[in-house]
Amino acid sequence: MELLEKRLYYIDLLHLYGELLSTTQKDILTDNLEFDLSLSEIASNRNISRAAVEDALKKGMKKLDELESKLSLFQKRSTILDNITFLKEKLGDQEELKKIEEVIK
């Protein structure tokens, strides 16, 4: 997985499972993934060591991976969106296409 894909994947996982992380892990992952802050910037903002930030990131990402492994919400959502896209391409009826667009939103 390329770096950008990996980043987007973890952002999606954070949106799906973020509330199941500790507040610190969620906040540090958000700062790093969504706001693109470096480990040093996060450490400085929080008055903690860079090593503590790195540890929180590693543990938070590991927890996100474990949650996805058990619950598969990301995979299920991706499958549903792929199927909707497939159906959308196959249907020619404008009324049906409008219904599909509403589901996608």
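Which residue forms a salt bridge with Arg-7? Select Asp-36: the closest N and O atoms of the pair are 2.8 Å apart. A salt bridge here is a side-chain nitrogen of Lys or Arg within 4 Å of a carboxyl oxygen of Asp or Glu.

Before moving on, note that this is a predicted model, where local features need pLDDT of at least 70, side-chain atom pairs count only at pLDDT 80 or more, and totals for chains, interfaces and linings use all residues. Residues are numbered from 1 along each chain as its sequence is written, and side-chain values use heavy atoms, without hydrogens and water.

**Stop 1: Arg-7 and Asp-36**

Arg-7 sits in helix α1 and Asp-36 in the loop between α2 and α3, so the salt bridge ties together parts 29 residues apart in sequence. Helices are DSSP runs (H or I, at least four residues), numbered from the N terminus. Arg-7 is partly exposed at 25% relative accessible area; Asp-36 is exposed at 57%. The cut-offs: buried is under 20%, exposed is over 50%, partly exposed is in between (1.4 Å probe, protein chains only).

**Stop 2: the largest pocket**

Keep Arg-7 and Asp-36 selected. Add Leu-3, Lys-6, Tyr-10, Asn-32, Leu-33 and Met-61 to complete the lining of the largest pocket. The space inside is about 170 Å³. A pocket is an open set of points on a 1 Å grid where a 1.4 Å probe fits, with protein on both sides within 12 Å along at least five of seven lines; lining residues have an atom within 4 Å of a point. Helix α1 gives the largest share of the lining, four residues. By type, the lining has four nonpolar residues, one polar and three charged.

**Stop 3: Asp-31 and Arg-46**

Next, select Asp-31 and Arg-46, which meet in a salt bridge at 3.7 Å, N to O. Asp-31 is in helix α2 and Arg-46 in helix α3, so this pair links parts 15 residues apart in sequence. Asp-31 is buried at 15% relative accessibility, and Arg-46 is partly exposed at 31%. Add Asp-27: salt bridges with shared partners join Asp-27, Asp-31 and Arg-46 into one network.

**Stop 4: two positive phi angles**

Most residues other than glycine have a negative phi. Asn-47 has a positive phi of about 55°. Find Asn-47 in the loop between α3 (39–46) and α4 (50–71), exposed at 72%. Then go to Ser-72, also with a positive phi of about 55°. Ser-72 lies in the loop between α4 and α5 (73–90) and is partly exposed at 22%.

Terms used
Points joined across faces, edges and corners; volume = space filled by probe spheres on them. Nonpolar A, V, L, I, M, F, W, Y, C, P; charged D, E, K, R; others polar.
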